[in-house]
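The exercises below are meant to be worked with the sequence and the structure side by side. Try each task before reading the solution that follows.

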Amino acid sequence: MHLSLQWILLFFFQIESENLAPYTKPGLYQITCLKTKKVYIGESANVLSRVSRHSRSLQSKRHDCAEMQADYNIYGLEQFTFHVLLFGSEWADAEKRKEKETEILRSYPQNQLYNVHPDATKQSSKNYRVCCVLLGIVF
């Protein structure tokens with residue numbers, strides 16, 4: 001099923017297409033599965049573009065986060081919500097966004113996150129699609 005950008009905007013943002021400008025700015029966002037209560041926290045230089053990429057990759061069953069993809073496959077788009085947490089020109093600095101993303105991630109226990117928790121002692125790749133392994137490094 002292919003969803004139009006207009007539908008995605010209405011579903012995720014509850015906004016009409018003539019009011020998109022604020023969402024093309026840098027910021028942080030949260031994707032939540034209503035059934036599992038798990039969240040994905042992300043940041044982007046263009047929040048609208050990033051949520052569109054999330055939507056396309058979930059629809060095509062190729063999202064990098066295997067656990068979120070599995071939940072999407074089971075529960076469907078209707079059980080996922082998207083919220084812009086922070087946005088605006090004050091978030092243009094990628095390092096500042098990453099620091100805030102880490103702060104937000106730390107406020108959740110690992111079992112409530114699709115992301116890998118920043119305080120995890122071992123960075124696991126089990127939740128993310130492995131593209132390739134080169135010289136022992138997983139990508």
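## Exercise 1: a paired side chain

In this predicted model, E43 is buried, with a relative accessible area of 16%.

Task: Find which residue's side chain meets that of E43 in a salt bridge, and determine where the two partners lie.

Solution: Begin with the side chain of E43, which forms a salt bridge with that of R97, at 2.6 Å from N to O. Next, place the partners in the chain: E43 belongs to strand β2 (residues 39-44) and R97 to helix α4 (residues 94-106), so that the pair, 54 residues apart, links distant parts of the chain. Then apply the cut-off for burial, which is under 20% relative accessible area; because R97 has 6% relative accessibility, R97 counts as buried, and E43, at 16%, is buried as well. Finally, follow the shared partners, through which salt bridges join E43, R97, K98 and E101 into one network.

## Exercise 2: two further salt bridges

Task: A search of the whole structure finds 6 salt bridges; describe the one between K100 and E103, and then the one between R106 and D119.

Solution: Take K100 and E103 to start with, whose side chains meet at 3.0 Å, N to O; both residues lie in helix α4, 3 residues apart, which is about one turn of the helix. K100 has a relative accessible area of 24% and is partly exposed, and E103, at 46%, also counts as partly exposed. Turn now to R106 and D119, whose closest N and O atoms are 2.8 Å apart. This pair links distant parts of the chain, with R106 in helix α4 and D119, 13 residues apart from it, in the loop between α4 and β4 (133-134). R106 is partly exposed at 45%, and D119 is partly exposed at 45%.

## Exercise 3: helix α2 and the core

Task: Work out how helix α2 begins, how far it is covered, and what it supplies to the largest nonpolar core.

Solution: Start at the N-terminal end of α2, which N46 caps with a side-chain oxygen lying 3.2 Å from the backbone nitrogen of L48. The helix itself, residues 47-59, reaches 18 Å from its first C-alpha to its last, and 10 of its 13 residues are buried, among them V47, L48, V51 and L58. Beyond the helix comes K61, whose phi is positive, near 60°. Consider last the largest nonpolar core, which has 16 residues, and in which Y29, I31, Y40, M68, F80, F82 and Y114 touch the most other members. The largest share of this core, 4 residues, comes from α2.

Note on methods:
Residues numbered from 1 in each chain as written. Predicted model: local features only at pLDDT ≥ 70, side-chain atom pairs only at ≥ 80, totals over all residues. Heavy atoms only, no water. Helix = DSSP H or I, 4+ residues; strand = E, 2+ residues; numbered from the N terminus. Expected span 1.5 Å × (residues − 1). Buried < 20%, exposed > 50% of the residue type's maximum accessible area, 1.4 Å probe, protein only. Polar contact = N/O pair within 3.5 Å; in protein donor to acceptor, adjacent residues only side chain to side chain. Core = buried A, V, L, I, M, F, W, Y, C linked by side-chain atoms within 4.5 Å. Salt bridge = Lys/Arg side-chain N within 4 Å of Asp/Glu carboxyl O.
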